[in-house]
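Reader: Here is a two-chain model. Walk me through the calls made on it, and tell me what each one rests on.

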Amino acid sequence: MTGEVAVLGAGMHPWGKWGRNFVEYGVAAARAALTDAGLDWRDIGSIIGADTVRGGYPGYVAGATFAKALGWQGARVTSVYAACASGAQAVDAARAQILSGLAEVVLVVGADAAPKGFFRPAGGDRPDDPDWLRFRVLGATNPVYFGLYACRRMAVHGDTPGDFAQVKVKNAAMGALNPKARYRRRVTAEEVAASAVVADPLRLLDICATSDGGAAVVLSSMEFARRHGHADPVRIRAVSTVTPRYPNTVLDLPDIATDSAVAVDPPAETFRTSIARAAYEEAGVGPEDLSLAEVYDLSTALELQWYEDLGLCGEGEGVKLLRDGATALGGRIPVNASGGLASFGEAVPAQAIAQVCELAWQLRGEAGDRQVEGARVGISANQGLFGHGSAVIAVR
Amino acid sequence: MSRTRTPVVAGWFAGEGEDFRLLGTRCAACSSVFFPREDHHCHNPACGGGELTQVPLSRRGRVWSYTDSRYRPPSPYVSDPELSWEPCALIAVELQAERLVVLGQAAPGVTVADLAVGMEVEVVPGVLHEDAETTWTTWHWRPTGVKA
């Protein structure tokens with residue numbers, strides 16, 4: 001076992017479309033996490049920022065940006081970028097510093113101010129950049145890829161648009177109970193079916209919005225936690241940041257083609273499956289031990305895929321698990337008790353940290369109306385553009 | 001004034017009519033195929049690295065999945081803002097010989113209603129957009145049962 005780090009505090013700025021600078025959301029989240037931890041900002045030895053590409057240089061150097069906004073106090077600084085997985089990489093960097101003894105207590109912050117409409121690449125002609133090329137040559141927005149995955153599931157597993165809508169219905173019901181969520185209204189399957197098609201077979205309410213938001217956690221060594229009166233803190237037991245294995249034969253954002261399997265057979269497990277397996281192995285637990293999971297439901301269909309990739313059910317059995325109610329509140333393994341991206345919308349560098357916040361609150365029994373009874377072990381999972389795996393396992 | 005026909009990306013496809021092909025590269029050491037073309041380093045971690053030479057990809061493949069863009073994609077995609085947006089189908093195609101999947105736009109007039117996973121499609125030359133001097137060319141996928 002690698003060793004555990006304590007989650008002393010968690011904080012979020014509510015998700016929404018507030019139209020303000022990302023720094024404001026990050027600082028609000030950081031202050032909330034520090035208060036939750038019972039610590040002063042000046043107690044923090046290291047700050048790690050998950051970067052946003054939308055804030056110009058201050059976004060690319062988010063760690064220093066947040067440190068300055070909180071007031072320079074000399075802390076060690078790190079900034080990391082891994083697209084949607086930035087937050088998990090920030091948590092991983094914090095853990096590495098703590099376990100190696102470089103820092104005792106670390107503040108991890110991510111925040112974003114998202115534009116209206118589709119995400120698009122940064123400006124300028126960049127014909128060597130796959131993310132630029134897929135827009136220029138194909139007009140392939142993110143929902144196009146979500147549509148491809150959904151259509152593939154329908155053909156291979158027999159999923160239907162009605163099944164996908166039930167994921168939204170479930171997540172909206174849980175998001176309605178979360179004061180930090182952007183969308184806090186229950187949604188019916190009829191409303192999903194009546195929303196406009198964006199990328200066939202997916203409709204507007206199948207696809208997550210883009211949001212403003214900020215999330216932060218305070219992590220420390222177990223020894224620091226004990227010294228500061230946290231006798232039984234939530235612990236992070238695993239952080240998976242794996243890359244794919246060649247050949248990666250599932251078409252992934254932002255690629256125009258897969259690897260070729262002509263010289264080497266594809267690995268037995270897909271990339272997403274390997275993300276979860278690495279986390280389980282590191283934590284010494286399996287899917288049967290989980291109390292809850294927070295997964296990256298960029299689309300409703302993708303949530304079903306995560307059920308299978310996390311081993312919550314067999315391949316192709318995601319819809320059955322959903323229909324049985326296993327992934328709803330009160331079910332065997334609630335998924336996205338926070339409401340998920342369906343209720344939050346994506347604030348890229350904050351999102352994976354927000355997942356860890358939800359795990360922390362659930363494991364402490366402080367999740368209010370959306371509390372998963374007796375939660376002991378939780379996993380968060382996500383996948384960042386360009387081959388960034390991300391999963392965190394927290395226990396109490 | 002006639003426009004110059006220019007590929008939207010140089011070196012990704014070539015040829016006219018029946019001879020039109022996507023162009024990839026193949027590693028001389030391990031025979032791995034790359035599209036978009038990789039001209040510098042073989043990506044197979046078990047390969048010591050061989051010379052990468054251009055290779056035309058199979059003309060026909062089978063639909064791995066498909067979808068469409070019901071809303072106008074943002075820049076750098078180029079479309080005429082004066083015209084209403086027509087949904088554009090996109091097809092991910094599995095090439096059996098190369099054992100890879102290549103995404104592309106469907107030929108004009110092909111909609112998601114015309115498509116099914118597993119259906120045979122072929123690559124055909126297409127036009128992405130035109131400006132005053134240039135016709136920007138691309139590749140399209142078209143069901144083999146359909147004639148232009």
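Author: Chain B has zero helices and 10 strands. This is a predicted model: local features need pLDDT of at least 70, side-chain atom pairs count only at pLDDT 80 or more, and totals for chains, interfaces and linings use all residues. Residues are numbered from 1 along each chain as its sequence is written, with chains lettered from A and ligands numbered from 1 in the order in which they are written.

Reader: What makes a run of residues a strand in chain B?

Author: DSSP runs decide: a strand is E over at least two residues, a helix is H or I over at least four, numbered from the N terminus. On that basis chain B reads β-β-β-β-β-β-β-β-β-β.

Reader: What share of chain B is buried?

Author: Of its 148 residues, 39%. Buried means that 20 or more other C-beta atoms, placed from the backbone, lie within 10 Å of the residue's own.

Reader: How do you know which residues of chain B and chain A are in contact?

Author: Their C-beta atoms, placed from the backbone, must lie within 7 Å. By that test, 40 residues from chain B meet 35 residues from chain A. On the chain B side, β4 (33–34), β6 (60–69), β7 (88–95) and β8 (100–106) each give two or more residues.

Reader: What is the make-up of that side of chain B?

Author: It divides into 25 nonpolar, 11 polar and four charged residues. Nonpolar means Ala, Val, Leu, Ile, Met, Phe, Trp, Tyr, Cys and Pro; charged means Asp, Glu, Lys and Arg; the others, Gly among them, are polar.

Notes:
Buried ≥ 20, exposed ≤ 12 C-beta atoms within 10 Å, placed from the backbone. Contact = placed C-beta atoms within 7 Å.
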